[in-house]
Amino acid sequence: MNGVMNSLEAVIASIQGLSGSAGDLSALHDLLRGAENSLRAEPDVNFSTLTQLDASKHSLGYLYFLEILTAGPVSDEKAFAEVPIIARFINSCDAEQIRLASDKFVSLCKRLKDHVVKIKDPLRGVAPLLTAVQKLQASPKCLTALHPDVLQLCLQTKLYKTGSSIISDDILEVDLPKDFFLYCYYGGMICIGLKRFQKAIELLYNVVTAPMNPASAIAVEAYKKYILVSLIHNGHCANSLPKCASTIAQRTFKNYSGPYIDLVSCYNDGKIGQLEALVVAKSADFEKDKNLGLVKQAVSSLYKRNILRLTQKYLTLSLQDIANMVQLANAKEAEMHVLQMIQDGQIHALINQKDGMVRFLEDPEQYKTSEMIETMDSVIQRTVRLSKNLLAMDESLSCDPLYLGKVGRERQRYDFGDDFDTVPQRFSM
(Lines give C-alpha, C1' and ligand atoms only; values in the text may rest on other atoms or scores of the structure.)
Protein backbone atom coordinates (compact mmCIF):
# COMPACT_ATOMS: atom_id res chain seq x y z
CA MET A 1 0.00 0.00 0.00
CA ASN A 2 2.89 2.35 0.83
CA GLY A 3 4.29 1.86 -2.70
CA VAL A 4 0.96 2.87 -4.23
CA MET A 5 0.70 5.88 -1.92
CA ASN A 6 4.23 6.88 -2.76
CA SER A 7 3.34 6.63 -6.45
CA LEU A 8 0.28 8.85 -5.98
CA GLU A 9 2.26 11.26 -3.82
CA ALA A 10 5.00 11.34 -6.45
CA VAL A 11 2.48 12.29 -9.14
CA ILE A 12 1.07 15.06 -6.93
CA ALA A 13 4.59 16.30 -6.19
CA SER A 14 5.43 16.27 -9.92
CA ILE A 15 2.32 18.29 -10.71
CA GLN A 16 3.19 20.82 -8.04
CA GLY A 17 6.77 21.09 -9.23
CA LEU A 18 6.37 20.96 -13.00
CA SER A 19 3.51 23.41 -13.65
CA GLY A 20 5.67 26.47 -14.24
CA SER A 21 7.51 26.68 -17.56
CA ALA A 22 6.53 25.32 -20.97
CA GLY A 23 9.37 22.78 -20.84
CA ASP A 24 8.30 21.52 -17.42
CA LEU A 25 4.69 21.25 -18.55
CA SER A 26 5.72 19.14 -21.54
CA ALA A 27 7.58 16.75 -19.23
CA LEU A 28 4.61 16.70 -16.84
CA HIS A 29 2.25 15.87 -19.69
CA ASP A 30 4.41 12.87 -20.63
CA LEU A 31 4.45 11.75 -16.99
CA LEU A 32 0.67 12.04 -16.63
CA ARG A 33 0.03 10.10 -19.82
CA GLY A 34 2.26 7.31 -18.54
CA ALA A 35 0.63 7.25 -15.10
CA GLU A 36 -2.98 7.61 -16.28
CA ASN A 37 -3.92 3.91 -16.27
CA SER A 38 -2.48 3.32 -12.79
CA LEU A 39 -4.25 6.43 -11.48
CA ARG A 40 -7.59 5.18 -12.85
CA ALA A 41 -7.11 1.93 -10.94
CA GLU A 42 -5.98 3.68 -7.75
CA PRO A 43 -8.72 3.49 -5.05
CA ASP A 44 -7.20 6.32 -3.01
CA VAL A 45 -7.79 8.84 -5.81
CA ASN A 46 -10.88 10.81 -4.75
CA PHE A 47 -12.15 14.38 -4.74
CA SER A 48 -10.14 15.15 -1.60
CA THR A 49 -7.02 14.55 -3.71
CA LEU A 50 -7.85 17.76 -5.57
CA THR A 51 -7.39 19.80 -2.36
CA GLN A 52 -3.65 19.32 -2.78
CA LEU A 53 -3.74 21.14 -6.13
CA ASP A 54 -4.55 24.68 -7.26
CA ALA A 55 -6.84 24.60 -10.31
CA SER A 56 -5.39 27.84 -11.70
CA LYS A 57 -1.69 26.94 -11.17
CA HIS A 58 -1.79 23.16 -11.66
CA SER A 59 -4.47 23.07 -14.37
CA LEU A 60 -2.98 20.22 -16.43
CA GLY A 61 -2.65 17.85 -13.47
CA TYR A 62 -5.98 18.95 -12.02
CA LEU A 63 -7.62 18.20 -15.38
CA TYR A 64 -6.24 14.65 -15.44
CA PHE A 65 -7.53 13.90 -11.94
CA LEU A 66 -10.91 15.56 -12.50
CA GLU A 67 -11.45 13.69 -15.78
CA ILE A 68 -10.72 10.39 -13.98
CA LEU A 69 -12.96 11.23 -11.01
CA THR A 70 -15.98 12.17 -13.14
CA ALA A 71 -15.76 9.17 -15.51
CA GLY A 72 -18.17 6.24 -15.41
CA PRO A 73 -21.93 5.84 -14.83
CA VAL A 74 -23.67 8.93 -13.47
CA SER A 75 -26.62 9.08 -11.08
CA ASP A 76 -28.61 12.25 -10.50
CA GLU A 77 -26.86 12.68 -7.14
CA LYS A 78 -23.42 12.30 -8.74
CA ALA A 79 -24.33 14.78 -11.47
CA PHE A 80 -25.60 17.35 -8.93
CA ALA A 81 -22.36 17.04 -6.96
CA GLU A 82 -20.00 17.22 -9.94
CA VAL A 83 -21.55 20.14 -11.86
CA PRO A 84 -20.23 22.89 -9.53
CA ILE A 85 -16.80 21.22 -9.27
CA ILE A 86 -16.36 21.04 -13.06
CA ALA A 87 -17.76 24.56 -13.50
CA ARG A 88 -15.31 26.02 -10.97
CA PHE A 89 -12.40 24.32 -12.71
CA ILE A 90 -13.44 25.67 -16.13
CA ASN A 91 -13.65 29.19 -14.74
CA SER A 92 -10.28 29.11 -12.98
CA CYS A 93 -8.08 26.88 -15.18
CA ASP A 94 -5.17 28.19 -17.23
CA ALA A 95 -5.96 28.21 -20.96
CA GLU A 96 -2.40 27.38 -22.10
CA GLN A 97 -2.22 24.34 -19.83
CA ILE A 98 -5.57 22.80 -20.73
CA ARG A 99 -4.83 23.17 -24.46
CA LEU A 100 -1.97 20.68 -23.96
CA ALA A 101 -4.65 18.05 -23.23
CA SER A 102 -7.50 19.56 -25.22
CA ASP A 103 -9.15 16.17 -25.83
CA LYS A 104 -9.50 15.63 -22.08
CA PHE A 105 -10.77 19.17 -21.54
CA VAL A 106 -13.39 18.69 -24.27
CA SER A 107 -14.40 15.35 -22.73
CA LEU A 108 -14.79 16.97 -19.31
CA CYS A 109 -16.85 19.87 -20.69
CA LYS A 110 -19.13 17.52 -22.63
CA ARG A 111 -19.58 15.60 -19.38
CA LEU A 112 -20.74 18.84 -17.76
CA LYS A 113 -23.25 19.35 -20.58
CA ASP A 114 -24.56 15.80 -20.13
CA HIS A 115 -24.84 16.35 -16.37
CA VAL A 116 -26.92 19.55 -16.60
CA VAL A 117 -29.20 17.92 -19.18
CA LYS A 118 -29.60 14.87 -16.94
CA ILE A 119 -30.60 16.96 -13.92
CA LYS A 120 -32.89 19.05 -16.18
CA ASP A 121 -31.06 22.29 -15.47
CA PRO A 122 -29.34 23.19 -18.76
CA LEU A 123 -29.03 26.85 -17.75
CA ARG A 124 -26.22 25.95 -15.32
CA GLY A 125 -24.06 24.75 -18.18
CA VAL A 126 -24.29 27.78 -20.48
CA ALA A 127 -21.85 30.20 -18.79
CA PRO A 128 -19.15 27.58 -18.01
CA LEU A 129 -19.22 26.23 -21.57
CA LEU A 130 -19.00 29.74 -23.04
CA THR A 131 -15.87 30.24 -20.93
CA ALA A 132 -14.56 26.84 -22.02
CA VAL A 133 -14.94 27.78 -25.71
CA GLN A 134 -12.98 30.99 -25.17
CA LYS A 135 -10.17 29.16 -23.35
CA LEU A 136 -10.00 26.35 -25.90
CA GLN A 137 -9.96 28.61 -28.97
CA ALA A 138 -6.57 29.61 -30.32
CA SER A 139 -8.37 32.40 -32.23
CA PRO A 140 -11.99 33.48 -32.90
CA LYS A 141 -11.69 31.88 -36.36
CA CYS A 142 -11.33 28.37 -34.89
CA LEU A 143 -14.31 26.07 -34.45
CA THR A 144 -14.01 23.95 -31.31
CA ALA A 145 -15.76 20.71 -30.47
CA LEU A 146 -17.64 22.63 -27.75
CA HIS A 147 -19.35 25.18 -30.02
CA PRO A 148 -22.28 22.83 -30.83
CA ASP A 149 -22.75 21.98 -27.12
CA VAL A 150 -23.03 25.65 -26.12
CA LEU A 151 -25.54 26.31 -28.90
CA GLN A 152 -27.55 23.22 -27.94
CA LEU A 153 -27.85 24.43 -24.33
CA CYS A 154 -28.76 27.95 -25.53
CA LEU A 155 -31.56 26.44 -27.62
CA GLN A 156 -32.87 24.40 -24.70
CA THR A 157 -32.87 27.46 -22.42
CA LYS A 158 -34.06 29.86 -25.18
CA LEU A 159 -31.00 32.06 -24.58
CA TYR A 160 -30.88 32.97 -28.26
CA LYS A 161 -28.94 36.22 -27.79
CA THR A 162 -26.29 34.41 -25.76
CA GLY A 163 -26.00 31.78 -28.49
CA SER A 164 -25.70 34.44 -31.17
CA SER A 165 -22.58 35.80 -29.47
CA ILE A 166 -20.52 32.80 -30.57
CA ILE A 167 -21.77 32.71 -34.16
CA SER A 168 -20.91 36.33 -34.88
CA ASP A 169 -17.32 35.50 -35.89
CA ASP A 170 -16.54 33.97 -39.29
CA ILE A 171 -15.29 30.42 -38.75
CA LEU A 172 -12.37 29.53 -41.04
CA GLU A 173 -10.69 26.59 -39.26
CA VAL A 174 -12.56 23.32 -38.70
CA ASP A 175 -11.21 19.98 -37.48
CA LEU A 176 -14.21 17.63 -37.64
CA PRO A 177 -17.03 17.96 -40.22
CA LYS A 178 -19.65 16.77 -37.71
CA ASP A 179 -18.79 19.67 -35.38
CA PHE A 180 -19.24 22.09 -38.27
CA PHE A 181 -22.56 20.52 -39.31
CA LEU A 182 -23.93 20.78 -35.76
CA TYR A 183 -22.54 24.30 -35.29
CA CYS A 184 -24.28 25.54 -38.45
CA TYR A 185 -27.50 23.62 -37.72
CA TYR A 186 -27.85 24.80 -34.11
CA GLY A 187 -26.62 28.26 -35.10
CA GLY A 188 -29.30 28.40 -37.80
CA MET A 189 -31.94 27.51 -35.21
CA ILE A 190 -30.63 30.22 -32.86
CA CYS A 191 -30.98 32.76 -35.68
CA ILE A 192 -34.50 31.53 -36.44
CA GLY A 193 -35.37 32.13 -32.78
CA LEU A 194 -34.08 35.70 -33.14
CA LYS A 195 -35.79 36.08 -36.55
CA ARG A 196 -32.40 36.76 -38.12
CA PHE A 197 -33.50 34.80 -41.16
CA GLN A 198 -30.75 35.88 -43.56
CA LYS A 199 -28.02 34.65 -41.19
CA ALA A 200 -30.02 31.45 -40.59
CA ILE A 201 -30.13 30.83 -44.36
CA GLU A 202 -26.34 31.29 -44.60
CA LEU A 203 -25.65 28.80 -41.80
CA LEU A 204 -28.14 26.18 -43.02
CA TYR A 205 -26.82 26.60 -46.59
CA ASN A 206 -23.36 25.62 -45.30
CA VAL A 207 -24.75 22.28 -44.08
CA VAL A 208 -26.84 21.62 -47.19
CA THR A 209 -23.96 22.21 -49.62
CA ALA A 210 -21.09 20.71 -47.59
CA PRO A 211 -19.35 17.60 -49.00
CA MET A 212 -20.89 14.50 -47.42
CA ASN A 213 -20.59 10.77 -47.88
CA PRO A 214 -23.05 9.52 -46.87
CA ALA A 215 -25.56 12.31 -46.22
CA SER A 216 -26.25 12.77 -42.52
CA ALA A 217 -29.53 13.16 -40.66
CA ILE A 218 -28.30 16.60 -39.58
CA ALA A 219 -28.05 17.67 -43.24
CA VAL A 220 -31.57 16.40 -44.00
CA GLU A 221 -33.05 18.37 -41.08
CA ALA A 222 -31.02 21.43 -42.09
CA TYR A 223 -32.40 21.19 -45.64
CA LYS A 224 -36.00 21.16 -44.37
CA LYS A 225 -35.42 24.30 -42.32
CA TYR A 226 -33.43 25.90 -45.16
CA ILE A 227 -36.49 25.55 -47.42
CA LEU A 228 -38.88 27.04 -44.87
CA VAL A 229 -36.65 29.96 -43.87
CA SER A 230 -35.96 30.76 -47.55
CA LEU A 231 -39.70 30.94 -48.21
CA ILE A 232 -40.31 33.10 -45.13
CA HIS A 233 -37.47 35.54 -45.76
CA ASN A 234 -37.04 35.60 -49.54
CA GLY A 235 -40.54 34.68 -50.70
CA HIS A 236 -39.18 31.89 -52.89
CA CYS A 237 -36.98 28.81 -52.88
CA ALA A 238 -35.52 26.96 -55.83
CA ASN A 239 -37.01 23.56 -56.65
CA SER A 240 -33.50 22.12 -56.98
CA LEU A 241 -30.41 22.31 -54.80
CA PRO A 242 -27.50 24.62 -55.66
CA LYS A 243 -25.03 23.08 -58.12
CA CYS A 244 -22.33 22.99 -55.47
CA ALA A 245 -24.33 20.45 -53.42
CA SER A 246 -23.11 16.87 -53.71
CA THR A 247 -24.94 14.28 -55.79
CA ILE A 248 -25.46 12.19 -52.65
CA ALA A 249 -27.09 15.16 -50.91
CA GLN A 250 -29.42 15.82 -53.82
CA ARG A 251 -30.58 12.21 -53.93
CA THR A 252 -30.98 11.89 -50.16
CA PHE A 253 -32.84 15.17 -49.69
CA LYS A 254 -35.27 14.24 -52.45
CA ASN A 255 -36.00 10.90 -50.77
CA TYR A 256 -36.46 12.24 -47.22
CA SER A 257 -37.93 15.71 -47.76
CA GLY A 258 -40.94 15.00 -49.99
CA PRO A 259 -43.53 17.15 -48.15
CA TYR A 260 -41.16 20.12 -48.11
CA ILE A 261 -40.38 19.85 -51.82
CA ASP A 262 -44.13 19.72 -52.51
CA LEU A 263 -44.53 22.79 -50.30
CA VAL A 264 -42.00 24.69 -52.43
CA SER A 265 -43.86 23.81 -55.63
CA CYS A 266 -47.21 24.97 -54.21
CA TYR A 267 -45.67 28.13 -52.78
CA ASN A 268 -43.97 29.08 -56.04
CA ASP A 269 -47.30 28.68 -57.86
CA GLY A 270 -48.67 31.38 -55.54
CA LYS A 271 -51.99 29.64 -54.93
CA ILE A 272 -52.97 30.06 -51.30
CA GLY A 273 -55.78 27.50 -51.35
CA GLN A 274 -53.56 24.68 -52.64
CA LEU A 275 -50.79 25.60 -50.19
CA GLU A 276 -53.11 25.55 -47.18
CA ALA A 277 -54.62 22.24 -48.31
CA LEU A 278 -51.13 20.72 -48.55
CA VAL A 279 -50.24 21.96 -45.05
CA VAL A 280 -53.37 20.32 -43.64
CA ALA A 281 -52.67 17.06 -45.47
CA LYS A 282 -49.00 16.91 -44.38
CA SER A 283 -49.37 18.53 -40.95
CA ALA A 284 -48.43 15.28 -39.16
CA ASP A 285 -45.09 15.18 -41.03
CA PHE A 286 -44.37 18.83 -40.27
CA GLU A 287 -45.33 18.43 -36.63
CA LYS A 288 -43.15 15.32 -36.27
CA ASP A 289 -40.18 17.37 -37.51
CA LYS A 290 -41.15 20.20 -35.10
CA ASN A 291 -41.42 22.51 -38.11
CA LEU A 292 -45.15 23.23 -38.12
CA GLY A 293 -44.63 26.72 -36.68
CA LEU A 294 -42.19 27.58 -39.48
CA VAL A 295 -44.58 26.10 -42.06
CA LYS A 296 -47.35 28.40 -40.82
CA GLN A 297 -44.98 31.37 -41.07
CA ALA A 298 -44.20 30.31 -44.65
CA VAL A 299 -47.92 30.28 -45.49
CA SER A 300 -48.29 33.75 -43.97
CA SER A 301 -45.33 34.97 -45.98
CA LEU A 302 -47.10 34.01 -49.23
CA TYR A 303 -49.85 36.49 -48.41
CA LYS A 304 -47.16 39.12 -47.84
CA ARG A 305 -45.37 38.20 -51.06
CA ASN A 306 -48.60 38.64 -53.01
CA ILE A 307 -49.24 42.00 -51.29
CA LEU A 308 -45.70 43.06 -52.21
CA ARG A 309 -46.46 42.30 -55.85
CA LEU A 310 -49.47 44.64 -55.67
CA THR A 311 -47.19 47.53 -54.61
CA GLN A 312 -45.38 47.17 -57.95
CA LYS A 313 -48.63 47.60 -59.92
CA TYR A 314 -50.79 50.03 -57.94
CA LEU A 315 -50.36 53.37 -56.18
CA THR A 316 -53.52 53.03 -54.09
CA LEU A 317 -55.84 50.15 -53.22
CA SER A 318 -58.60 49.60 -50.72
CA LEU A 319 -58.06 47.09 -47.94
CA GLN A 320 -61.01 45.09 -49.32
CA ASP A 321 -59.40 45.00 -52.79
CA ILE A 322 -56.18 43.72 -51.23
CA ALA A 323 -58.12 41.05 -49.33
CA ASN A 324 -59.83 39.91 -52.53
CA MET A 325 -56.66 39.87 -54.63
CA VAL A 326 -54.54 37.88 -52.19
CA GLN A 327 -57.39 35.65 -50.96
CA LEU A 328 -57.64 36.94 -47.39
CA ALA A 329 -60.89 36.53 -45.45
CA ASN A 330 -61.70 40.22 -45.03
CA ALA A 331 -60.35 43.79 -44.99
CA LYS A 332 -59.36 43.46 -41.32
CA GLU A 333 -56.96 40.63 -42.12
CA ALA A 334 -55.56 42.64 -45.01
CA GLU A 335 -54.96 45.58 -42.68
CA MET A 336 -53.18 43.32 -40.20
CA HIS A 337 -50.79 42.01 -42.88
CA VAL A 338 -50.13 45.46 -44.33
CA LEU A 339 -49.37 46.93 -40.89
CA GLN A 340 -46.99 44.08 -40.10
CA MET A 341 -45.18 44.56 -43.42
CA ILE A 342 -44.85 48.30 -42.76
CA GLN A 343 -43.45 47.57 -39.30
CA ASP A 344 -40.95 45.06 -40.72
CA GLY A 345 -39.85 47.53 -43.40
CA GLN A 346 -40.99 45.27 -46.23
CA ILE A 347 -43.21 47.97 -47.75
CA HIS A 348 -43.74 51.70 -47.33
CA ALA A 349 -47.39 52.73 -47.18
CA LEU A 350 -50.00 54.85 -45.44
CA ILE A 351 -53.44 53.57 -44.40
CA ASN A 352 -56.39 56.00 -44.37
CA GLN A 353 -58.59 54.64 -41.58
CA LYS A 354 -61.63 56.68 -42.73
CA ASP A 355 -62.06 55.20 -46.20
CA GLY A 356 -59.91 52.05 -45.79
CA MET A 357 -57.54 53.04 -48.59
CA VAL A 358 -53.84 52.14 -48.71
CA ARG A 359 -51.37 54.44 -50.47
CA PHE A 360 -48.07 52.81 -51.41
CA LEU A 361 -44.95 55.00 -51.12
CA GLU A 362 -41.38 54.97 -52.42
CA ASP A 363 -38.57 53.77 -50.15
CA PRO A 364 -37.59 56.85 -48.10
CA GLU A 365 -34.09 55.53 -47.36
CA GLN A 366 -31.49 57.75 -49.04
CA TYR A 367 -28.50 55.69 -47.78
CA LYS A 368 -26.71 58.78 -46.47
CA THR A 369 -27.34 58.71 -42.72
CA SER A 370 -24.43 58.04 -40.36
CA GLU A 371 -26.06 54.78 -39.19
CA MET A 372 -26.43 53.51 -42.75
CA ILE A 373 -22.85 54.50 -43.60
CA GLU A 374 -21.59 52.61 -40.52
CA THR A 375 -23.61 49.54 -41.55
CA MET A 376 -22.26 49.64 -45.11
CA ASP A 377 -18.70 50.16 -43.84
CA SER A 378 -19.07 47.17 -41.51
CA VAL A 379 -20.19 44.95 -44.42
CA ILE A 380 -17.33 46.18 -46.61
CA GLN A 381 -14.76 45.55 -43.86
CA ARG A 382 -16.08 42.02 -43.30
CA THR A 383 -15.88 41.33 -47.04
CA VAL A 384 -12.29 42.60 -47.15
CA ARG A 385 -11.31 40.39 -44.19
CA LEU A 386 -12.91 37.33 -45.77
CA SER A 387 -11.17 38.06 -49.08
CA LYS A 388 -7.78 38.30 -47.37
CA ASN A 389 -8.39 35.07 -45.47
CA LEU A 390 -9.39 33.25 -48.66
CA LEU A 391 -6.28 34.47 -50.47
CA ALA A 392 -4.09 33.34 -47.56
CA MET A 393 -5.78 29.92 -47.48
CA ASP A 394 -5.41 29.56 -51.26
CA GLU A 395 -1.73 30.44 -51.08
CA SER A 396 -1.18 28.00 -48.22
CA LEU A 397 -2.96 25.21 -50.10
CA SER A 398 -1.08 25.85 -53.35
CA CYS A 399 2.20 25.31 -51.47
CA ASP A 400 1.10 22.21 -49.57
CA PRO A 401 3.23 19.20 -50.71
CA LEU A 402 0.45 16.71 -49.88
CA TYR A 403 -2.10 18.63 -51.96
CA LEU A 404 0.31 19.12 -54.87
CA GLY A 405 1.25 15.45 -54.79
CA LYS A 406 -2.42 14.44 -54.93
CA VAL A 407 -3.04 16.83 -57.83
CA GLY A 408 -0.06 15.31 -59.63
CA ARG A 409 -1.40 11.80 -59.24
CA GLU A 410 -4.88 12.85 -60.37
CA ARG A 411 -3.51 14.49 -63.51
CA GLN A 412 -1.67 11.31 -64.46
CA ARG A 413 -5.03 9.52 -64.69
CA TYR A 414 -6.07 11.74 -67.59
CA ASP A 415 -4.46 12.69 -70.89
CA PHE A 416 -4.27 16.47 -70.69
CA GLY A 417 -1.75 16.75 -73.50
CA ASP A 418 0.95 19.40 -73.38
CA ASP A 419 -1.30 22.31 -72.37
CA PHE A 420 -0.90 21.70 -68.62
CA ASP A 421 2.25 22.09 -66.56
CA THR A 422 3.18 19.04 -64.54
CA VAL A 423 3.56 19.23 -60.77
CA PRO A 424 7.15 20.14 -59.80
CA GLN A 425 9.25 17.06 -59.15
CA ARG A 426 10.14 18.11 -55.61
CA PHE A 427 6.46 17.96 -54.67
CA SER A 428 5.74 14.52 -56.13
CA MET A 429 4.81 12.00 -53.49
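**Confidence**

I looked at confidence before anything else, since this is a predicted model. The average pLDDT of the protein is 88, and 93% of the residues score at least 70. I then went looking for the weak stretches. Residues 1-6 stay under 50 in pLDDT, and the model has three contacts for them beyond four places in sequence. Residues 414-429 also stay under 50, with 15 contacts of that kind. I left both stretches alone after that.

**Helix 6**

I picked helix 6, residues 102-118, and checked its length. It has 17 residues, so at 1.5 Å a residue it should span 24 Å, and its end C-alpha atoms are indeed 24 Å apart.

Next I asked myself which residues of helix 6 are buried. I noted Lys104, Phe105, Val106, Leu108, Cys109, Arg111, Leu112, Lys113, His115 and Val116. I wrote a reminder in the margin: an α-helix has 3.6 residues a turn, so residues three or four places apart point the same way.

What do these buried residues pack against? I found helix 2 (22-41), helix 3 (59-69), helix 4 (76-92), helix 5 (95-100), helix 7 (123-136) and helix 8 (147-157). Just past the end of helix 6, I saw that Lys120 has a positive phi of about 60°.

**Two more lysines with positive phi**

I kept going with phi. Lys195 has a value near 60°, positive although the residue is not glycine. I located Lys195 in the loop between helix 10 (177-193) and helix 11 (197-209). Buried or exposed? Lys195 counts as exposed, because its relative accessibility is 55% and the cut-off is over 50%.

Lys290 has a positive phi near 60° as well. I found Lys290 in the loop between helix 16 (283-288) and helix 17 (292-311). With a relative accessible area of 74%, Lys290 is exposed.

**The sheet**

I moved on to an open sheet of three strands, with order 1-3-2 and antiparallel pairing. Strand 1 (316-318) and strand 2 (349-352) are at the edges, each with a single partner strand, so one side of each has no neighbour in the sheet. The twist from one strand to the next averages 20°.

I then went through the pairs. Strand 1 and strand 3 are joined by three bridges, and I noted Thr316 opposite Arg359. Strand 2 and strand 3 (residues 357-360) are joined by four bridges. Here Ile351 stands opposite Val358, and Ala349 has Phe360 as its bridge partner. Strands 2 and 3 also make a hairpin, with four residues between them. In that turn, Gly356 has a positive phi of about 65°.

Which way do the side chains of strand 3 point? Val358 and Phe360 point to one face and are buried, whereas Met357 and Arg359 point to the other face and are not buried. I recalled the general pattern: in a regular strand, side chains alternate between the two faces of the sheet.

**Glu335 and the core**

I was curious about Glu335, which is in helix 19 (residues 331-343). Its relative accessibility is 11%, so it counts as buried, the cut-off being under 20%. Leaving out residues up to four places away in sequence, I listed its contacts as Leu319, Ile351 and Gln353. Ile351 is the residue I had already seen opposite Val358.

After that I looked up the largest nonpolar core, which has 122 residues. Phe65, Phe89, Phe105, Tyr183 and Ile322 touch the most other members. Helix 12 (residues 217-234) gives the most to this core, with 11 residues. I followed up Ile322, again skipping residues up to four places away in sequence. Ile322 touches Ile307, Leu310, Leu317, Ala334, Val338, Val358 and Phe360. I was glad to meet Val358 and Phe360 again, the buried pair from strand 3.

**Around helix 13**

For my last entry I went to Pro242, in the loop between helix 12 and helix 13 (247-256). Pro242 and Val208 are 34 residues apart in sequence, and their C-alpha atoms are 9.0 Å apart in space. Beyond its neighbours within four places in sequence, Pro242 contacts Tyr205, Thr209 and Gln250.

Thr252 sits in helix 13, and I noted it as buried, with a relative accessible area of 16%. Leaving aside neighbours within four places in sequence, Thr252 contacts Ala215 and Val220.

Terms used:
Residues are numbered from 1 along each chain as its sequence is written. This is a predicted model: local features need pLDDT of at least 70, side-chain atom pairs count only at pLDDT 80 or more; totals for chains, interfaces and linings use all residues. Side-chain values use heavy atoms; hydrogens and water are left out. pLDDT is the predictor's confidence in each residue, from 0 to 100. Contact means heavy atoms within 4.5 Å. The expected span of a helix is 1.5 Å times one less than its number of residues. Buried means under 20% relative accessible area, exposed over 50%, partly exposed in between (1.4 Å probe, protein chains only). Two strands pair if DSSP finds at least two bridges between them. Axes are lines fitted to C-alpha atoms, for helices over the stretch in contact, and angles run from 0 to 180 degrees between N-to-C directions. A nonpolar core is a set of buried Ala, Val, Leu, Ile, Met, Phe, Trp, Tyr and Cys residues joined through side-chain atoms within 4.5 Å.
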